[in-house]
Amino acid sequence: MLLRLPLILATATTFALAATTTLATVNGKSITSKDASAFMAKAIPGMSFDKLDAKMKRQIVDQLINQTLIKDQVKKSGIQNTPQFKLAYAALRDDLAVDMWMKKEMGKVTIAENEVKAFYDANKDKMKQAGKTVPYEKAKLEIMQYIKMEKFKTSMTKTTDALRASSKVEVKL
């Protein structure tokens, strides 16, 4: 057991170092492989920075350098202190909060297997592609998504109806 410990520690150290490799520095701030991987996840989902060739990696690092320089320039400009920025930021923050809440609520929606099967059976005549009935297993995921969305819409309608009932709402059209 003692012989394996150095190997495990060496592997863990190598992994930790690989995860935080500095690819460039801009005015003393490091741009790491972790930053590059996060950039790739947003830019091209499913593509890994580690799998790119050297030329592409350099292009990504150059983009990250440019982004860092622009962000620094924006901070120096003081735009974050303007009333227009503060107003826009507040709106974005509120929209993000609503989006996150909606995703959380959507995650609460459950669908039983028998609901999906019952929907398929009730709508089998509409489950056709190129004149042939689509097998249940192929249609299952789409049906689940449809049912989940419908349940979510119903839930949100109930929520907004309850919120309206407990609030003072005046429409002035």
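Let's start with burial: of the 173 residues in this chain, 17% are buried. Please keep in mind that we are looking at a predicted model. The chain exposes about 14100 Å², and carbon and sulfur atoms supply 61% of that area.

How is the chain built? It has six helices and four strands, and if you read along the sequence you meet them in the pattern α-β-β-α-α-α-α-β-β-α. Now for contacts: among those with a separation of 6 or more, 49% join residues 24 or more positions apart.

Next, how far does the predictor trust its own model? The average pLDDT for the chain is 88, and 89% of the residues score at least 70. Where is confidence lowest, and where is it highest? The low end is helix α1, residues 4-19, with a mean of 44, while the high end is helix α3, residues 54-77, at 96. Look at the beginning of the chain with some caution, please. Over residues 1-17 the pLDDT stays under 50, and the model gives this stretch zero contacts beyond four places in sequence.

Let's move to the largest pocket, which holds about 240 Å³ of space. Which elements each supply at least two residues of its lining? They are β2 (29-32), α2 (33-43) and α3. If you want to find the pocket on your screen, the lining residues include K29, I31, F39, L64 and K71. By type, the lining divides into four nonpolar, three polar and four charged residues.

Now a single residue, E105, which you will find in helix α4, residues 83-108. Is E105 buried or exposed? The cut-off for buried is under 20% relative accessible area, and E105 has a relative accessibility of 16%, so it counts as buried. Leaving out residues up to four places away in sequence, E105 touches F152 and M156.

Finally, two loop residues with a positive phi. N27 sits in the loop between β1 (22-26) and β2. Its phi is about 50°, although N27 is not a glycine. A130 lies in the loop between β3 (128-129) and β4 (132-133), and its phi, near 55°, is also positive in a residue other than glycine. Are these two buried or exposed? Exposed means over 50% relative accessible area. N27 counts as exposed because its relative accessibility is 68%, and A130 is exposed too, with a relative accessible area of 83%.

Thanks for listening, everyone!

Note on methods. Residues numbered from 1 in each chain as written. Predicted model: local features only at pLDDT ≥ 70, side-chain atom pairs only at ≥ 80, totals over all residues. Heavy atoms only, no water. pLDDT = per-residue confidence, 0-100. Contact = heavy atoms within 4.5 Å. 1 Å grid on protein atoms, 1.4 Å probe; cavity = no way out; pocket = protein on both sides within 12 Å on 5 of 7 lines; lining within 4 Å. Points joined across faces, edges and corners; volume = space filled by probe spheres on them. Nonpolar A, V, L, I, M, F, W, Y, C, P; charged D, E, K, R; others polar. Buried < 20%, exposed > 50% of the residue type's maximum accessible area, 1.4 Å probe, protein only. Areas by Shrake-Rupley, 256 points an atom, 1.4 Å probe, with all protein chains shown as cover.
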